[in-house]
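Trainee: Could we go through this model together, one question at a time? I would like to see the reasoning behind each answer.

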Amino acid sequence: MLILLGIVGLISYYVYKSIIPPPSIPLPENVSKKSPRVKLNDDKAENKIIVVHGYGNSKDVDLYTTQEMIDEFKIYFLFFDRAGYGESDPNPSRTLKTDTDDIEELADKLQIGPKFHVLGMSLGAYPVNGCLKYIPHRLCGASLVVPSVNFWWRRMPRKLLNAAIQKLPFEFRLTLRVAHYFPWLLYWWMTQKWFPNSRDPKKTLRNESALRQGEYVSTQRDIIAGYGNWEIDPTELSNPFSDSNKGSVHIWCALADKQILREVLLYICDKLPWIKLHELPEAGHWIIHEKRHFEAIIKAACTE
């Protein structure tokens with residue numbers, strides 16, 4: 001009996017150590033708190049755009065932001081690290097709402113004004129939905145560039161979402177299902193080597209400096225927030241813009257995207273005709289990193 005209890009105890013300890021994620025890795029004391037900036041003087045800026053980076057990236061995301069573009073459209077760009085990424089403190093309870101609160105608080109503390117345009121890319125587009133839901137009065141526009149799809153949105157046709165998730169590689173599908181149904185198991189799932197997961201394929205897409213506090217507090221909590229049980233559904237959003245509150249919302253769809261099913265974005269735009277859909281033939285998931293596409297995205301945000 002004592003031997004049996006000892007074996008059970010050892011197994012329980014191993015399971016506990018495997019499931020419980022580590023704390024965030026402290027930032028080094030000499031970490032730079034001042035990032036390079038390219039901006040227009042505040043008194044001349046007409047378009048203030050908050051850029052929300054994608055999965056595994058940071059405020060130093062590689063975009064074709066030039067002084068010429070900034071001067072032409074009179075832009076104030078604001079890039080920031082989302083919770084747990086780069087130099088931003090982790091948030092153990094990240095949700096759509098907390099990410100939205102972070103964006104609003106950032107805008108207020110940097111005093112960029114009462115209204116701004118929010119631009120999110122890939123998985124980083126999900127906080128844009130939060131902004132449209134919770135702070136529409138603060139927006140003068142929004143852009144969702146190849147936005148990620150939560151395959152458990154409540155009001156979307158189940159058949160459509162099933163077709164969308166089937167487009168992903170098998171190991172990605174497993175990882176997203178673990179994140180959705182068993183988020184407390186995600187750390188173990190991403191570190192175990194018994195079953196296929198998305199750990200290795202994703203390494204080529206990450207910015208290691210963005211993950212300096214540890215992958216769990218950045219990318220893994222990102223997956224949980226993006227693919228968990230949302231309190232809203234995109235098709236339930238209301239148009240935040242009218243004749244008295246001018247602005248526009250854009251969704252950018254790359255027709256050669258191997259991650260996002262076009263039909264899902266078409267369905268959203270059909271339900272919400274006030275969203276402008278831009279379809280780019282022969283373009284893939286990383287369109288925002290291509291000069292001509294990024295310029296088109298910014299031009300639409302500033303002029304339409």
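Mentor: Happy to! Let's start with two tyrosines: Tyr187 is buried, and Tyr216 is buried as well. Keep in mind throughout that this is a predicted model.

Trainee: Which kind of aromatic pair do Tyr187 and Tyr216 form?
Mentor: Look at the two numbers that describe the geometry. The ring centres of Tyr187 and Tyr216 are 6.1 Å apart, and the angle between the planes is 90°. Planes over 60 degrees apart fall in one class, and the pair of Tyr187 and Tyr216 is therefore edge-to-face.

Trainee: How many residues apart in sequence are the parts that Tyr187 and Tyr216 tie together?
Mentor: Place each ring in its element to see this. Tyr187 belongs to helix H7 (residues 186-191), while Tyr216 belongs to helix H9 (residues 216-227). The pair therefore ties together parts whose separation in sequence is 29 residues.

Trainee: How many aromatic pairs are there by this rule?
Mentor: The rule asks for ring centres within 6.5 Å. Counted that way, the number of aromatic pairs is 10.

Trainee: What class does the pair of Trp152 and Tyr181 fall into?
Mentor: Here the centres of the rings of Trp152 and Tyr181 are 5.8 Å apart. Their planes meet at 85°, so the pair is edge-to-face.

Trainee: Where do Trp152 and Tyr181 lie, and how many residues apart in sequence are the parts they tie together?
Mentor: Trp152 is in the loop between strand E4 (139-145) and helix H5 (158-165). Tyr181 is in helix H6 (residues 170-181). The pair of Trp152 and Tyr181 therefore ties together parts with a sequence separation of 29 residues.

Trainee: Is Tyr181 buried, partly exposed or exposed?
Mentor: Its partner Trp152, with a relative accessible area of 14%, is buried. For Tyr181 the relative accessible area is 49%. Exposed would need over 50%, so Tyr181 is partly exposed.

Trainee: Which residues do ring pairs link into a cluster?
Mentor: We have already met Trp152 and Tyr181 as a pair. Ring pairs link these two with two further names into a cluster: Trp152, Tyr181, Phe151 and Tyr227.

Trainee: How far apart are the end C-alpha atoms of H6?
Mentor: Start from the expected span. H6 has 12 residues, and at 1.5 Å a residue they should span 16 Å. The separation of its end C-alpha atoms agrees with that, at 17 Å.

Trainee: Which residues of H6 are buried?
Mentor: A residue is buried when its relative accessible area is under 20%. In H6, the buried residues are Phe172, Arg173, Thr175, Leu176, Val178, Ala179 and His180.

Trainee: Which residue lies over the face of Tyr134?
Mentor: For a charge over a ring, the distance to the ring centre has to be within 6 Å. One residue lies over the face of Tyr134 at 5.4 Å from the ring centre, and that is Lys97.

Trainee: How many disulfides does the structure hold?
Mentor: A disulfide needs two cysteine sulfur atoms within 2.5 Å. For Cys140, the nearest cysteine sulfur is that of Cys302, 8.8 Å away. For Cys269, the nearest is that of Cys253, at 8.7 Å. The number of disulfides in the structure is 0.

Trainee: Is Cys140 buried, partly exposed or exposed?
Mentor: Compare it with Cys269, which is buried, with a relative accessible area of 10%. Cys140 has a relative accessibility of 29%. Buried requires under 20% and exposed over 50%, so Cys140 counts as partly exposed.

Trainee: What is the phi of Ser122, and is the residue buried or exposed?
Mentor: Ser122 sits in the loop between strand E3 (116-121) and helix H4 (126-134). Although Ser122 is not a glycine, its phi is positive, at about 55°. With 13% relative accessibility, Ser122 counts as buried.

Trainee: Is Glu282 buried or exposed?
Mentor: Glu282 is in the loop between E6 and H11. Glu282 also has a positive phi, near 60°, in a residue other than glycine. Its relative accessible area is 81%, so Glu282 is exposed.

How values were computed:
Residues are numbered from 1 along each chain as its sequence is written. This is a predicted model: local features need pLDDT of at least 70, side-chain atom pairs count only at pLDDT 80 or more; totals for chains, interfaces and linings use all residues. Side-chain values use heavy atoms; hydrogens and water are left out. Rings of Phe, Tyr and Trp (its six-membered ring) pair if their centres lie within 6.5 Å; planes under 30 degrees apart count as stacked, over 60 as edge-to-face and the rest as tilted. Helices (H or I, at least four residues) and strands (E, at least two) are DSSP runs, numbered from the N terminus. Buried means under 20% relative accessible area, exposed over 50%, partly exposed in between (1.4 Å probe, protein chains only). A charge sits over a ring if NZ of Lys or CZ of Arg is within 6 Å of the ring centre and within 35 degrees of the ring normal. The expected span of a helix is 1.5 Å times one less than its number of residues.
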